[in-house]
Amino acid sequence: MDGVTVIAHPLVQHKLTIMRKKETSTAGFRRLLREISTLLCYEVTRDLEMTMETIETPMQTIDAPVLEGKKLVFASILRAGNGLLEGMLELVPSARVSHIGVYRDHDTLEAVEYFFKAPDNLDARLIIVVDPMLATGNSSIAAVDKLKERGAKNMRFLCLLAAPEGIKNFREAHPDVPIFTASIDSHLNEQGYIMPGLGDAGDRMYGTK
């Protein structure tokens, strides 16, 4: 699909399969989500801009590559997005963090916002918006809307699973925001859940169902 990158690395796919299993424990699911998020973060940041810096090694002075520009922002869509956030911060501990509270109304399937907190200067930063599931796309669209209102211009969306319906809706609303995912699943069921999916990521991560 245009604007969508499927991260097909064998370790990503292996860990995702274990996460899908209904018998995987809460502790196991949480651990795997942290591990897989590090691998996903590696891929979504693959083409970050670099510049050269003069440093001294124990042997000599050299020009060596470092990241260019202001620090990244990881924007977590609460609450399940925090599961991806942990592993990503292990890889990029200097990243700034934004939290966006959006939940899906189970009757209308529309997104309802209840919290928003973000760093300054969003217009000068690359923002990676994270949520394990891109189902209807309503929550993700609302989160990106809010970030754009605060000046964000350079964004990427990272998820574990995506449904074709969610991809279509998201790309129509935000064609300038590329999507990175570990899998494009079959479809949404009548309740708006991804099929075959892995259930509710937040409930499985926190043991609340």
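A residue is taken as buried when its relative accessible area is under 20%, a cut-off applied here to a predicted model. The chain of this model averages a pLDDT of 92, and 99% of the residues score at least 70. Among the elements of the chain, the mean pLDDT is lowest, at 84, for strand β6, which spans residues 111-117, and highest, at 98, for β10. Where pLDDT is low, predicted coordinates should not be read in detail.

An unreviewed UniProt entry lists a number of residues under "binding site", among them R79, R104, D131, T136, N138 and D200. Of these listed positions, T136 is placed in the loop that runs between β8 (133-134) and α4 (138-149). With a relative accessibility of 10%, T136 falls under the 20% cut-off and therefore counts as buried. A polar atom of the T136 side chain lies 3.2 Å from the backbone nitrogen of N138, a residue that is likewise included in the "binding site" record.

A second loop position, H174, is found between α5 (164-173) and β10 (179-184). The relative accessible area of H174 is 3%, so that this residue, too, is buried by the cut-off of under 20%. When neighbours within four places in sequence are left aside, H174 is in contact with I141, V144, D145 and K148. For I141, the model also places the backbone oxygen 3.4 Å from a polar atom of the H174 side chain.

Note on methods:
Residues are numbered from 1 along each chain as its sequence is written. This is a predicted model: local features need pLDDT of at least 70, side-chain atom pairs count only at pLDDT 80 or more; totals for chains, interfaces and linings use all residues. Side-chain values use heavy atoms; hydrogens and water are left out. UniProt positions are given in the numbering used here, feature names are shortened, and annotations may be inferred rather than shown by experiment. Helices (H or I, at least four residues) and strands (E, at least two) are DSSP runs, numbered from the N terminus. Buried means under 20% relative accessible area, exposed over 50%, partly exposed in between (1.4 Å probe, protein chains only). A polar contact is a pair of N or O atoms within 3.5 Å; within protein, one must be able to donate a hydrogen and the other to accept it, and residues adjacent in sequence count only if both atoms are side-chain atoms. Contact means heavy atoms within 4.5 Å. pLDDT is the predictor's confidence in each residue, from 0 to 100.
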